[in-house]
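This report describes the packing, the covalent cross-link and the charged contacts of one protein model. The sequence and the structure are shown first.

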Amino acid sequence: QVQLVELGGGLVQAGGSLRLSCAASGTIVSITAMGWYRQAPGKQRELVATIISGVGTKYADSVKGRFTISRDNAKNTVYLQMNSLKPEDTAIYYCNADIQVRVTDFDNYWGQGTQVTVSS
């Protein structure tokens, strides 16, 4: 079994910063991709940023230049550094990972979500 545990959400003023982390644990052979999605009230869940092994990173246009995704492979952990936060960044942020759990089995997992609220 695999679990994704997110930390780091909270309340911050516009212009401030937050750092999210997501640690994967359990039966893990390898992790092919880890990323962050967010869902604001009344809106669909959207990709924020992802980091793909051997490929690189991808960001939503709305966060380019403000957010940075990084990964510690030894700790199976992905981070999202969020700077210059705006009220429109307010959402529940979810960690997502594509994980090889057995030689021939790859599954997709979600974290429980962490609330980020940016006040104006």
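At its relative accessibility, does Ser70 count as buried, exposed or partly exposed, and what is the value? The model in which this is asked is a predicted one. Ser70 has a relative accessibility of 31%, so it counts as partly exposed. A value under 20% would be needed for the buried class, and a value over 50% for the exposed class. Ser70 belongs to strand S7. Apart from residues up to four places away in sequence, Ser70 touches Ile51, Thr77, Val78 and Tyr79. Its C-alpha atom is 8.2 Å from that of Gln81, a residue 11 positions apart from Ser70 in sequence.

**Nonpolar core**

In soluble globular proteins, nonpolar side chains tend to be buried together. The largest nonpolar core of this model has 32 residues. Within that core, the members that touch the most others are Met34, Trp36, Leu80, Met82, Tyr93 and Ile99. Two or more core residues come from each of the strands S1 (2–7), S3 (18–26), S4 (30–39), S5 (46–52), S7 (67–72), S8 (77–82), S9 (91–102) and S11 (114–119). Strand S9 provides the largest share, namely six residues.

Ile99 may serve as an example of the surroundings of one core member. With residues up to four places away in sequence left out, Ile99 touches Val2, Leu4, Ala24, Ile28, Ser30 and Ile31, and also Asp105, Phe106, Asp107 and Tyr109.

**Disulfide**

The model contains one disulfide. Its partners are Cys22 and Cys95, with an S to S distance of 2.1 Å. The angle about the S-S bond is -80 degrees, and the link is left-handed. Because Cys22 lies in strand S3 and Cys95 in strand S9, the pair ties together parts that are 73 residues apart in sequence. Cys22 has a relative accessibility of 0% and therefore counts as buried. Cys95, also at 0% relative accessibility, counts as buried.

**Glu6, a buried acidic residue**

Glu6 is located in strand S1. Although buried, Glu6 has no salt bridge; Arg45, the nearest side chain of opposite charge, is 7.9 Å away. A salt bridge would require a nitrogen-to-oxygen distance within 4 Å. What the side chain of Glu6 does reach is backbone: the nitrogen of Gln112 at 3.2 Å and the nitrogen of Gly113 at 2.5 Å. Beyond its neighbours within four places in sequence, the contacts of Glu6 include both disulfide partners, Cys22 and Cys95. Trp36 and Tyr93 are also among its contacts, and these two residues are listed above among the core members that touch the most others.

**Salt bridges**

Five salt bridges are found in the whole structure. Three of them are listed in the table below.

| Salt bridge | Closest N to O distance |
|---|---|
| Arg38 and Glu46 | 2.7 Å |
| Asp61 and Lys64 | 3.1 Å |
| Arg66 and Asp89 | 2.7 Å |

The setting of these pairs can be described in turn. In the first, Arg38 is buried at 6% relative accessibility, whereas Glu46 is partly exposed at 36%. In the second, Asp61 and Lys64 are both exposed. In the third, Arg66 is buried at 10% relative accessibility, and Asp89 is buried with a relative accessible area of 1%. Arg66 lies in the loop between strand S6 (56–59) and S7, and Asp89 in the loop between S8 and S9; this pair therefore ties together parts that are 23 residues apart in sequence.

A network of salt bridges links Arg38, Glu46, Arg66 and Asp89.

**Surroundings of Arg38**

Which side chains make polar contacts with that of Arg38? The side chain of Ser62 does so at 3.3 Å, and that of Tyr93 at 2.9 Å. Arg38 itself is placed in strand S4. When residues up to four places away in sequence are left aside, Arg38 touches a set of residues that includes Gln44, Arg45, Val48, Val63, Phe67, Glu88, Ala91 and Ile92. Its salt-bridge partner Glu46 also appears among these contacts, as does Asp89.

Methods
Residues are numbered from 1 along each chain as its sequence is written. This is a predicted model: local features need pLDDT of at least 70, side-chain atom pairs count only at pLDDT 80 or more; totals for chains, interfaces and linings use all residues. Side-chain values use heavy atoms; hydrogens and water are left out. A nonpolar core is a set of buried Ala, Val, Leu, Ile, Met, Phe, Trp, Tyr and Cys residues joined through side-chain atoms within 4.5 Å. Buried means under 20% relative accessible area, exposed over 50%, partly exposed in between (1.4 Å probe, protein chains only). Helices (H or I, at least four residues) and strands (E, at least two) are DSSP runs, numbered from the N terminus. Contact means heavy atoms within 4.5 Å. A disulfide is a pair of cysteine sulfur atoms within 2.5 Å. Lys and Arg count as positive and Asp and Glu as negative; His and the chain ends are not counted. A polar contact is a pair of N or O atoms within 3.5 Å; within protein, one must be able to donate a hydrogen and the other to accept it, and residues adjacent in sequence count only if both atoms are side-chain atoms.
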